[in-house]
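Here are a few exercises on side-chain contacts. Have a look at the model first, then work through each solution in turn.

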Amino acid sequence: MPKLRHITPIACALILLAACGDDSTASSSETATASATATSTATSTASASASASASAGTETQSGGDSATGTSQGSVSATDSSTSGSTSASTSDASAAATDTTTSGVGCGVCDQPNQACVDDVCVALCQGQDPDPCGPDQVCDVISGECKDVDAPCTLAGPAEACGAVVCGPGSVCDGVGECLPIAPCSAVACTDGGECWGDACSCTREKECDEAPADLLNGPFSEMIAGLDFADDCTAWMVTLRDGVDYLRRLRPDGELTEWPGVSNLDMGEVKVLRRLTVPQAKAPPPWTSEPPPPPKPVEGYGEVALTYICCANCGCAQNPPQGVARLVEEDMNQPLPIVITATTTQGNGPFMSKLFDAGPQGLTWGEDRVLYVGNTTANGELNSADLEKATQQLETTFAARVTAAAAISPVHLLVALEGGELQRFNTLTKEATLVLDLDADVTSLSHDKFSGLVYAGLSTLEIVAIQPFKGEVMPFDTMPGKGRVAVSPSGRLWFMPVKYIQAGTLVSFDLPNEL
């Protein structure tokens with residue numbers, strides 16, 4: 001049997017140094033052996049197939065959000081290190097351990113993502129252990145596997161939560177039915193054979209992915225009578241208008257190319273949302289070797305798709321046939337580029353804009369990562385409906401106690417939903433259960449998720465902008481909007497404010513988002 005002991009921070013550093021050898025001197029056969037035998041791989045989801053007996057003393061639970069719990073972990077980071085390099089070092093350490101074992105000297109089986117072979121001894125990193133080997137004065141950083149001070153740079157730590165037969169640690173969240181899913185700042189999940197899981201491929205520093213068009217172009221013809229704003233993963237800006245006559249969906253590419261599509265005559269537009277990633281993608285594994293030539297790429301529907309809402313108040317003259325509701329952009333259809341996918345009846349609210357015209361009809365539009373559209377108030381105030389574009393179906397998801405005013409996806413199965421009055425609910429699209437996150441005591445005009453940090457930025461009727469930890473129920477002040485409007489996160493690392501120009505004139509302005517967790 002291999003010997004097992006807890007690794008100290010100094011020993012862990014030696015592991016990482018030993019594991020990161022000079023790749024240029026490694027033979028191709030050694031590289032192939034390491035790649036084939038290293039078992040510290042990160043997966044996008046952690047299956048519940050792990051045995052419940054391996055939950056290490058944690059009580060097994062199942063069911064919805066409230067039963068299984070969620071775990072995001074606390075993060076402290078001020079340097080520029082990323083877990084991409086740390087994860088690579090951990091994987092290299094496991095590969096080195098495997099090389100040692102296969103050479104005839106060694107640790108025996110030492111193949112878990114929280115293990116490494118050092119001096120012929122299989123040592124355990126701190127992830128996935130119960131009790132926590134780092135307490136009470138330090139915390140286990142799941143990025144490095146080391147015990148660190150609570151305020152140490154680039155540290156992701158926190159409690160783990162039971163999720164059926166597995167346990168979800170920091171950087172992951174329970175889906176409510178037995179799997180751990182990655183949440184920002186991590187883009188994958190690592191699990192032991194015993195079902196202890198945590199976030200993997202995590203990043204401590206924001207890497208700028210792109211830049212949106214310059215501010216003068218955003219404030220040019222693009223934003224004439226703007227009512228809603230969102231950004232795609234490539235920093236393309238999208239907006240909808242609210243104006244007399246025909247409304248428009250407009251697109252402004254980073255290079256300044258402006259395109260617009262007219263809406264259905266006499267129907268006002270309210271919100272626009274783009275399907276985008278919920279985590280920052282990390283380095284991807286190369287495609288498997290094959291002697292066959294790769295097939296030509298196929299068009300992929302998904303990221304970058306655009307949807308909008310048609311709204312109408314009871315006496316505004318626009319609730320006619322065709323009905324209001326939710327439309328999606330089908331760019332290649334020249335005859336009907338904005339077909340309605342969710343129909344709506346007339347509903348009326350009292351906020352957040354204090355405008356009878358604008359506080360009406362569908363609100364809280366958002367995409368699920370699986371190409372399902374969600375929106376509130378289409379059939380009655382407080383009712384959340386969905387449209388599955390793959391199955392071409394619509395259904396009622398749940399009914400909240402108050403009208404929906406905004407929503408944002410925060411995990412592959414979780415939505416953060418704002419209700420009239422200021423309540424924030426976390427809704428699980430699998431279990432159909434909602435959990436109260438917090439009450440902001442002010443109406444929410446908009447919610448926008450930052451895929452780097454996992455924070456959700458909310459614009460409030462008080463003009464405040466706040467940052468929300470959606471899985472911890474924490475709220476922090478961020479800045480102030482210059483007028484009535486909405487906010488939208490751009491992959492450039494900026495938060496943009498847009499005025500609802502039908503209500504109040506103004507210009508689009510941006511706020512820099514934190515570059516470190």
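Lys 208, Asp 211, Glu 212 and Arg 494 are joined up in a network of salt bridges, where a salt bridge means a side-chain nitrogen of Lys or Arg within 4 Å of a carboxyl oxygen of Asp or Glu. Before you start: this is a predicted model, so local features need pLDDT of at least 70 and side-chain atom pairs count only at pLDDT 80 or more, while totals for chains, interfaces and linings use all residues. Residues are numbered from 1 along each chain as its sequence is written, and side-chain values use heavy atoms, with hydrogens and water left out.

**Exercise 1. Take the salt-bridge network apart, pair by pair.**

Step 1. Start with Lys 208, whose side chain meets that of Asp 211 in a salt bridge at 3.5 Å, N to O.

Step 2. Move on to Asp 211 and Arg 494, whose side chains form a salt bridge at 3.0 Å, N to O. Asp 211 sits in the loop between strand E13 (196–202) and helix H5 (215–218), and Arg 494 in strand E35 (residues 494–499), so this pair ties together parts 283 residues apart in sequence. Helices (H or I, at least four residues) and strands (E, at least two) are DSSP runs, numbered from the N terminus.

Step 3. Arg 494 also forms a salt bridge with Glu 212, with the closest N and O atoms 2.3 Å apart. That pair links distant parts of the chain too: Glu 212 is in the loop between E13 and H5, 282 residues from Arg 494 in strand E35.

Step 4. Check the acids for burial (buried is under 20% relative accessible area, exposed over 50%, partly exposed in between, with a 1.4 Å probe and protein chains only). Asp 211 is partly exposed at 36%, whereas Glu 212 is buried at 8%.

Step 5. For the total, the count comes to 17 salt bridges.

**Exercise 2. Classify two of the aromatic pairs.**

Step 1. Apply the rule: rings of Phe, Tyr and Trp (its six-membered ring) pair if their centres lie within 6.5 Å, with planes under 30 degrees apart stacked, over 60 edge-to-face and the rest tilted. This gives 5 aromatic pairs.

Step 2. Trp 238 and Trp 261 are stacked, at 5.8 Å centre to centre with 20° between the planes. Trp 238 belongs to strand E15 (residues 237–241) and Trp 261 to strand E17 (residues 258–262), 23 residues apart. Trp 238 is buried at 5% relative accessible area, and Trp 261 is buried at 9%.

Step 3. Phe 353 and Phe 358 go edge-to-face, at 4.9 Å centre to centre and 65° between the planes. Phe 353 is buried at 1% relative accessibility, and Phe 358 is buried at 2%.

**Exercise 3. Find the handedness of two disulfides, and say what each one connects.**

Step 1. A disulfide is a pair of cysteine sulfur atoms within 2.5 Å, and the count comes to 10 disulfides.

Step 2. Cys 186 and Cys 202 have their sulfur atoms 2.0 Å apart. With 95° about the S-S bond, their link is right-handed. It connects Cys 186 in strand E12 (residues 186–191) to Cys 202 in strand E13, 16 residues apart.

Step 3. Cys 210 and Cys 235 also form a disulfide. The torsion about their S-S bond is about 80°, so the disulfide is right-handed. Cys 210 lies in the loop between E13 and H5 and Cys 235 in the loop between strand E14 (226–231) and E15, so the pair ties together parts 25 residues apart in sequence.
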